[in-house]
Amino acid sequence: MASDSAHSEGAELGRYLRARRTQTSPDRVGLAVGTGLRRTPGLRREELATLAGISIDYYVRLERGKETRPSPSVLDALARALHMDDQEHQHLRELAARAARYTPEPPPAPSRVVRPHLKLLLESLRPNPAYVISRSMDMLAWNPGGLALYAGLDDWPAKHRNLARYLFLHPAARDLFTDWDRQITACVARLRATAGTAPDAPDLTGLVGELLLKSPDFAGLWERYEVTGRKPAQKTFQHPQVGPITLTSQSLQVEGTPGQRIGVYTAEPGTPDHDAMLLLDLTAPRSPGTGAARQDATRRHR
């Protein structure tokens, strides 16, 4: 069992290296390309091994998942050769560390329970749209604007509401985002970063399997194996209820939870975007359960 798990983790490390290798052009790393036809996109294995200062046999073993304990110096050399940024380099380290641990069993799916005080926090953030999501982007709790911002998401049952699923499978998503292509690319990169360090976790494998089957767009981006972290960013929504609205997003890790995060959107007071945000909050259906949670908290503090 442990050996099988180690092979699985090593294979994930190999897949990442291969994806980065095939997407790194020779001219980017200073290699002259001859006039002959290159059958392999990006760098050849022997080219990368030479650039990193390791043997071709050793690199082939890494890429095939048969070598699971590369040294930190080898990882650093590969990251330099592939011109990885800090996030990509860190992801490489995490994959290698996981491959070396020989985890015998995949971790269980994390709890979907959201603490009552977090639901109260979402209410207190109104009129700013806010929600709690899981590591696999399931929407676990929300305030009225947080759900209504993603037009049509409330059509789906609560347990089916997932921001990645929404982006790729909901018919309203393409119309909602003016930069839908950029949104889905960033979404897959975040999922890749998470799934790369927990490739057998059921919450992640279930979602990825569904999207690979149902969305060619997702499948193509997943194959590229790009990873990135979460950054504050502006998003523009062409919202069917309140019109165009540009908001700044921020994601915050919730301490003491299994990967849960709070997502919040803000707009500068006095701007048309803030007015649209107020209108969205006023016209959105009230989030089930938050009112009861607020009343319970009020009674406890009397």
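These exercises cover the sheet and the aromatic contacts of a predicted model.

**Exercise 1.** Work out the strand order of the open sheet and find its edge strands.

*Solution.* Step one: trace the order. The five strands run β2-β1-β5-β4-β3, with antiparallel pairing. Step two: look for strands that pair on one side only. These are β2 (139–142) and β3 (233–239). Step three: add the twist, which averages 30° from one strand to the next. Step four: check one pairing. β1 (residues 130–133) and β2 are joined by three bridges. Within this pairing, I133 has M139 as its bridge partner.

**Exercise 2.** Determine which strands helix α13 lies across.

*Solution.* Helix α13 (residues 272–283) crosses β3, β4 (243–253) and β5 (261–266). Its angle to β4 is about 80°.

**Exercise 3.** Classify the ring pair Y16 and Y225, and place both residues in the chain.

*Solution.* Step one: take the geometry. The centres are 4.7 Å apart and the planes meet at 55°, so the pair is tilted. Step two: locate the residues. Y16 sits in helix α1 (residues 2–22), and Y225 in the loop between α12 (216–224) and β3. They are 209 residues apart. Step three: check burial. Both Y16 and Y225 are buried. Step four: look over the face of Y225. R192 lies there, 3.7 Å from the ring centre. R192 also lies over the face of W222, at 4.0 Å.

**Exercise 4.** Classify the pair F237 and Y265, and test each residue for burial.

*Solution.* The centres are 5.7 Å apart and the planes at 80°: edge-to-face. F237 is in β3 and Y265 in β5, so the pair ties together parts 28 residues apart in sequence. F237 has 0% relative accessibility and counts as buried. Y265, at 1%, is buried. Both belong to an aromatic cluster with Y131, Y150, Y166 and F177.

Technical notes
Residues numbered from 1 in each chain as written. Predicted model: local features only at pLDDT ≥ 70, side-chain atom pairs only at ≥ 80, totals over all residues. Heavy atoms only, no water. Pairing = 2+ DSSP bridges. Helix = DSSP H or I, 4+ residues; strand = E, 2+ residues; numbered from the N terminus. Axes fitted to C-alpha atoms, helices over the stretch in contact; angles between N-to-C directions. Contact = heavy atoms within 4.5 Å. Phe/Tyr/Trp six-rings, centres within 6.5 Å; stacked < 30°, edge-to-face > 60°. Buried < 20%, exposed > 50% of the residue type's maximum accessible area, 1.4 Å probe, protein only. Lys NZ or Arg CZ within 6 Å of the ring centre and 35° of its normal.
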